Amino acid sequence: MTAPENEIFDSPTRWVADHIRAYLDTGGVQGHLYQGWPTLLLTTRGRRTGKLRRTALIYGRDQDRYLLVASNGGADRHPAWYLNLTDTPTVSLQVGPDHFTATARTATAEEKPRLWQIMTELFSQYAKYQEESARDLPLVILTPQAPPG
């Protein structure tokens, strides 16, 4: 039996799945701030399976846009969620209690320095991840398709 087209599969990583569950169960009251950092829930369409995949990520803001770093903990490969949104850039977000659709794109080389500073001031570990990684860590810009709410 196949999964329904709109069934969402949460991260298989236990602590991430627990974080997502708390976020969902409380409408973002618990989980929006995770160890002091703002987090959102990102749902992408799997590039190979077509399944909806959800994960929790630290985010920053640039006016009305949301920012993510595809750090994968500094690993030498991109995280699956990043590969998914490069294939299908329309994503779903939950930020606190707000649910909305956004369009994702990777920051250009010209945009990245200013946005990178926002993200490394928020979570300094990103700079260390970049130093230790052989790849350039992508910075993702998420633009809401309609005002959150």
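Buried here means under 20% relative accessible area, with exposed set at over 50% and partly exposed in between. Keep that cut-off in mind for the close-ups below, which show a predicted model.

**View 1. Lys 112 and Asp 136 pair up in a salt bridge.** The closest N and O atoms of Lys 112 and Asp 136 are 2.9 Å apart. This pair ties together distant parts of the chain, 24 residues apart: Lys 112 sits in helix α3 (residues 112-122), while Asp 136 belongs to the loop between α4 (125-132) and β9 (139-144). Lys 112 has a relative accessible area of 13%, so it counts as buried. Asp 136 comes out at 54%, so that partner counts as exposed.

**View 2. Arg 54 meets Asp 10 across two strands.** Here the side chains of Arg 54 and Asp 10 form a salt bridge, at 2.5 Å from N to O. The two residues are 44 apart in the chain, with Arg 54 in strand β4 (residues 52-58) and Asp 10 in strand β1 (residues 8-10). Arg 54 is buried because its relative accessibility is 13%. Asp 10, at 22%, is partly exposed.

**View 3. Arg 21 and Asp 25 share a helix.** Both residues lie in helix α1 (residues 14-25), and they are four residues apart, about one turn of the helix. Their salt bridge has its closest N and O atoms 3.7 Å apart. Arg 21 is partly exposed, with 39% relative accessible area, whereas Asp 25 reaches 56% and therefore counts as exposed.

**View 4. Four charged side chains join into one network.** Zoom out from the previous two views and the pieces connect: Asp 10, Arg 21, Asp 25 and Arg 54 are linked in a network of salt bridges. The model's salt-bridge count comes to nine, and the pairs in these views are among them, including Arg 54 with Asp 10 and Lys 112 with Asp 136.

**View 5. Arg 65 and its surroundings.** Arg 65 is found in strand β6 (residues 65-69). Is this residue buried or exposed? Its relative accessible area is 17%, so Arg 65 is buried. Leaving out residues up to four places away in sequence, Arg 65 touches Gly 60, Arg 105, Glu 111, Arg 114, Leu 115, Ile 141, Leu 142, Thr 143 and Pro 144.

Methods. Residues are numbered from 1 along each chain as its sequence is written. This is a predicted model: local features need pLDDT of at least 70, side-chain atom pairs count only at pLDDT 80 or more; totals for chains, interfaces and linings use all residues. Side-chain values use heavy atoms; hydrogens and water are left out. Buried means under 20% relative accessible area, exposed over 50%, partly exposed in between (1.4 Å probe, protein chains only). Contact means heavy atoms within 4.5 Å.
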